[in-house]
Amino acid sequence: MKLQQLRYLVEVAKQGLNVSEAAEKLHTSQPGISKQIRLLEDELGVQIFIRNGKRVVDVTAPGKEILRISERMLMQAQNLKRIGEDFINVEGGSLTIATTHTQARYALPATIHNFMLRYPKVRLSIKQGSPTQISEMVVEGAADIAIATEGIDHYSELAMLDCYHWNRSIVVPVGHPLTQLDHKITLEDVAAWPLITYDFAFAGRNKINQAFESRGLTPNVVLTAIDSDVIKTYVGLELGIGILATMAFEADRDLQLVAIDASHLFDDSTTRIGIRKDAYLRGYAYDFIELFAPHLSRKVVQAALMCDTEE
């Protein structure tokens, strides 16, 4: 049995049982992958994939268990390399953070700046996507850490750590009638206007929906976006009022807009870090986490990973 055979096996599953796409991804030949998987099946004495002619169409019951163990073995092999790198190349290496636009644009800059000053030899990569996409990046080993408000808790492979709580503001053009209210803004006030806010999968959108539903209101959402800056752009064009993460409003830059506190209208949301439970983190990865969320020391993170692994 070879690790390369396990890589072939896992990649075929990852590519939806398409051997051609797996071969392209791994820069090898389709016949080579098929041969190695059959050799592995012969060695194990069980069929992993169900085939219809030359096509792989499903995974057998024992194959599913073999895939699960293969993924774990490949992760542990990667962990062994990282342990070696930790001792040989203390200051250098790479770290990949998967996160959403709002976190990358508004929450992470100070952390990234301080981290790069502390570890100038570490190659830092920021990958953006939806909460589902970034969680899958970590599950699949394409990223080391996921940072998001939604989605992480849907993946049992990830340990989840709370970072901070945040809420929202109503963003309107300068001079908008909502800035002239003689009372604290209400959901009824907000629902009277066309709304521009986050796509359902992003930035605690379900908290917004729940708030309106609890009051029997149906908001007129005319536009959704995954990008806070896009929301502000269209609010500036007076296409609607925005519901935005408060952190995404910058008074010194968003000069044509006004932010109205809405923290009394919606429940707080929590930004979390997701880490694959069986991953080995380099020392500087722990430092990155602590720079972002000072209460998440290396000891705290390791305890959480150990607890999740035992469960």
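This section describes the overall architecture, the two open sheets and the N-terminal region of the predicted model.

The structure is a predicted model, in which local features require pLDDT of at least 70 and side-chain atom pairs count only at pLDDT 80 or more, whereas totals for chains, interfaces and linings use all residues. Residues are numbered from 1 along each chain as its sequence is written, and side-chain values use heavy atoms, with hydrogens and water left out.

The protein chain contains 12 helices and 12 strands; helices (H or I, at least four residues) and strands (E, at least two) are DSSP runs numbered from the N terminus. Along the principal axes, the C-alpha atoms occupy a box of roughly 75 × 50 × 35 Å. Of the 311 residues, 47% are buried, where buried denotes under 20% relative accessible area, exposed over 50%, and partly exposed in between (1.4 Å probe, protein chains only). Contacts are defined by heavy atoms within 4.5 Å; among those between residues at least 6 apart in sequence, 72% join residues at least 24 apart. The chain is divided into domain 1 (3-85), domain 2 (91-164 + 270-307) and domain 3 (168-267), with bounds taken from an automatic or database domain assignment. The centres of domain 1 and domain 3, taken over C-alpha atoms, are separated by 47 Å.

In the N-terminal region, UniProt lists residues 1-59 as "domain: HTH lysR-type" in an unreviewed entry; UniProt positions follow the numbering used here, feature names are shortened, and annotations may be inferred rather than shown by experiment. This span is 58% helix and 15% strand, and its end C-alpha atoms lie 19 Å apart. Helix 1 (residues 3-14) has 12 residues and, at 1.5 Å a residue, should span 16 Å, which agrees with the 16 Å between its end C-alpha atoms; the expected span is 1.5 Å times one less than the number of residues. Buried positions in helix 1 include Leu-6, Tyr-8, Leu-9 and Val-10. Gly-16, which follows helix 1, has a positive phi near 70°.

One open sheet comprises 5 strands in the order 4-3-5-12-6, with mixed pairing; two strands pair if DSSP finds at least two bridges between them. Strand 4 (122-128) and strand 6 (158-166) form the edges, each pairing on one side only. The twist averages 20° from one strand to the next, with axes fitted to C-alpha atoms (for helices, over the stretch in contact) and angles running from 0 to 180 degrees between N-to-C directions. Helix 11 (residues 283-292) packs on this sheet, touching strand 3 (93-99), strand 4, strand 5, strand 6 and strand 12, and its direction makes about 40° with that of strand 3. In strand 3, 6 of the 7 residues are buried. Strand 3 pairs in the parallel sense with strand 4 over 7 bridges, Gly-93 standing opposite Val-122. Strand 3 also runs parallel to strand 5, to which 3 bridges join it; here Thr-99 has Ile-147 as its bridge partner. Strand 5 (residues 145-148) in turn pairs with strand 12 (residues 269-276) in the antiparallel sense over 3 bridges, and Ile-147 is partnered by Ile-273 in strand 12.

A further open sheet of 5 strands has the order 9-8-10-7-11, again with mixed pairing. Strand 9 (221-225) and strand 11 (257-261) each have a single partner strand, so one side of each is left without a neighbour in the sheet. The twist averages 30° from one strand to the next. Strand 7 (residues 168-173) and strand 11 are antiparallel over 5 bridges, with Val-258 of strand 11 as the bridge partner of Val-172. Helix 9 (residues 205-214) lies across strand 7, strand 8 (195-198), strand 9 and strand 10 (241-245), at about 140° to strand 8.
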